[in-house]
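Reader: I would like a close look at one part of this model. Please take me through the largest pocket and the helix that gives the most to its lining.

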Amino acid sequence: MQTFFRYNWMVREEWYKWCEELSEEELLQPRVGGVGGILKTLFHIADVEWSWIMVMQGKPDFQEDFAHYHTLEKVRALDARFRPEVEAFVLAWNEGLERNIYKDVRQDGSEVTDGWGEIMRHVIAHEIHHIGQLSLWARELGKAPVSANLIGRGLLETLPGKK
């Protein structure tokens, strides 16, 4: 689980760096799919990750509007503000948390329950899904996307026998 979060964070940082080469207009341009555009998608990724981690712990959820974070610098700063709390939760993850239950009461009054392990895997898959959209948009712009390859990133350097 931790490896995939570390992978997502590493790739996200590479996308932020990749975005430095784009104009503000290109970052904000509405695009087909996703949540509307490159920068808005990066904002959404950080928002969803943080929001799920907060609600699992019973803490207040993020209620900001993208309109207040419409520059690359602001999205990066927001992500940097969220990361320590998210990372602490991820690094403290253990098998005992897998089956903790999160109950959500929907607007219609119905109740949905999910296991924390399922939510954590959703957060991982959610980001990977949106990274695929960013890759497609990069190609539409005539640019090479950030590599999605997990292999060769050094994420498992702490395994026994690895040097």
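Author: Start with terms. Helices (H or I, at least four residues) and strands (E, at least two) are DSSP runs, numbered from the N terminus. A pocket is an open set of points on a 1 Å grid over the protein atoms alone, where a 1.4 Å probe fits, with protein on both sides within 12 Å along at least five of seven lines; its lining residues have an atom within 4 Å of a point.

This is a predicted model: local features need pLDDT of at least 70, side-chain atom pairs count only at pLDDT 80 or more, and totals for chains, interfaces and linings use all residues. Residues are numbered from 1 along each chain as its sequence is written, and side-chain values use heavy atoms, without hydrogens and water.

Now the pocket. Its lining consists of D47, V48, S51, W52, V55, D61, F62, Y102 and D104. Helix 3 (38-56) and strand 1 (101-105) are the elements that give two or more residues. Helix 3 gives the most, with 5 residues.

Helix 3 also meets helix 4 (residues 72-91): their axes, lines fitted to C-alpha atoms over the stretch in contact, come within 10 Å and cross at roughly 25°. The two helices are therefore roughly parallel to each other (angles under 35 degrees count as such). Contact means heavy atoms within 4.5 Å. On the helix 3 side, the contact residues include L39, F43, D47 and W50. On the helix 4 side, L72, F82 and F89 are among them. D47 of helix 3 thus appears twice: in the pocket lining and in the contact with helix 4.

Terms used. Axes fitted to C-alpha atoms, helices over the stretch in contact; angles between N-to-C directions. Parallel < 35°, antiparallel > 145°, perpendicular 65-115°, else oblique.
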